[in-house]
Amino acid sequence: MVDALERFAPLPLQEGYDNAGLQVGLTEAEVSGALLCLDVTEAVLDEAIENGCNLIVSHHPLIFHKLAHLTGDDYVQRVVMKAIKHDVAIVSMHTNMDAAVGGVNYRIAAKMGAKVTGTIGRRKEVNDVDGQSVHGSDGVVATFDEPMAADDFMVLLKKVFNVECVMANEMLRRPIRTVAVCGGAGDFLLPDAVKAGADAFLTGEMHYHQFFGWEQIIQIAVIGHYQSEQFTKEIFRDVIEEVCPGVRCVLSEINTNPILYI
């Protein structure tokens, strides 16, 4: 089953700073159920155990930095210790799933009702676990069948991604038809979005100063890191159910977003 995910989003697609792949446990064990989530927290691990799942597939790696000790000082250590105790394996598909064809950015586009028509940023080519060539990219360009006004675009984003607000620059005074997309922290791709001729740029995070200077050049829309990647667990489910239809998949019902909008 893990091989199926790695064929879809090979680990070599991940960024050099990342730590995707097996986090905890052994993958040889028979899977009783897979809990699919964005982040692995203590509550999510408890959810897996309560649902009889001995595998957790997450987008964000539980172990991102080196563990110097296991003493239960923070939630990462506590999750690792409890997962081992309960024989729960944890696998993460992070920036490799961001870059994969059909991955995070493609799902964002599909949720908006737009069709991917191109890519932006670096284009990658790696081999999967079978030695087959697989392509990927930093971001995508998606096109709507019909253009829409900037304020209608904002309403669409708020509805589709269930966000309280959208951080945006000055409303664009021309119709929006093409949108450059990068889930998570994608602000580094803003110049590439402009170069691609996109009407709008959608991402999860962007620094304050990067909003300056793009008025009437491109519509910036920032919806939140968690919000932009919340549908990633659906990708995991679709891949697993297609290749391993006998594996029971459970979508986590826990909102792990640590940011509150007051």
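**Helix H2, the sheet and the overall size**

Student: What follows H2, and what is its phi?
Tutor: Gly52 follows H2, and its phi is positive, near 70°. Helices are DSSP runs of H or I of at least four residues, strands are runs of E of at least two, and both are numbered from the N terminus. This is a predicted model, where local features need pLDDT of at least 70, side-chain atom pairs count only at 80 or more, and totals for chains, interfaces and linings use all residues. Residues are numbered from 1 along each chain as its sequence is written, and side-chain values use heavy atoms, without hydrogens and water.

Student: Which residues of H2 are called buried?
Tutor: Val44, Leu45, Glu47 and Ala48. Buried means under 20% relative accessible area, exposed over 50%, partly exposed in between (1.4 Å probe, protein chains only).

Student: Why are they said to be on the same side of H2?
Tutor: They cover an arc of only 155° around the axis, so they share a side. The arc uses the directions from the helix axis to the C-beta atoms.

Student: What makes S5 and S7 edge strands?
Tutor: Each pairs on one side only. Strands pair if DSSP finds at least two bridges between them. S8 and S9 have five bridges, in the parallel sense, so they count as paired.

Student: How do you know that the radius of gyration agrees with a compact globule?
Tutor: The radius is taken over C-alpha atoms, and the rule is 2.2 Å times the number of residues to the power 0.38. For 262 residues that gives a radius near 18 Å; the protein chain has 19 Å, so the two agree.
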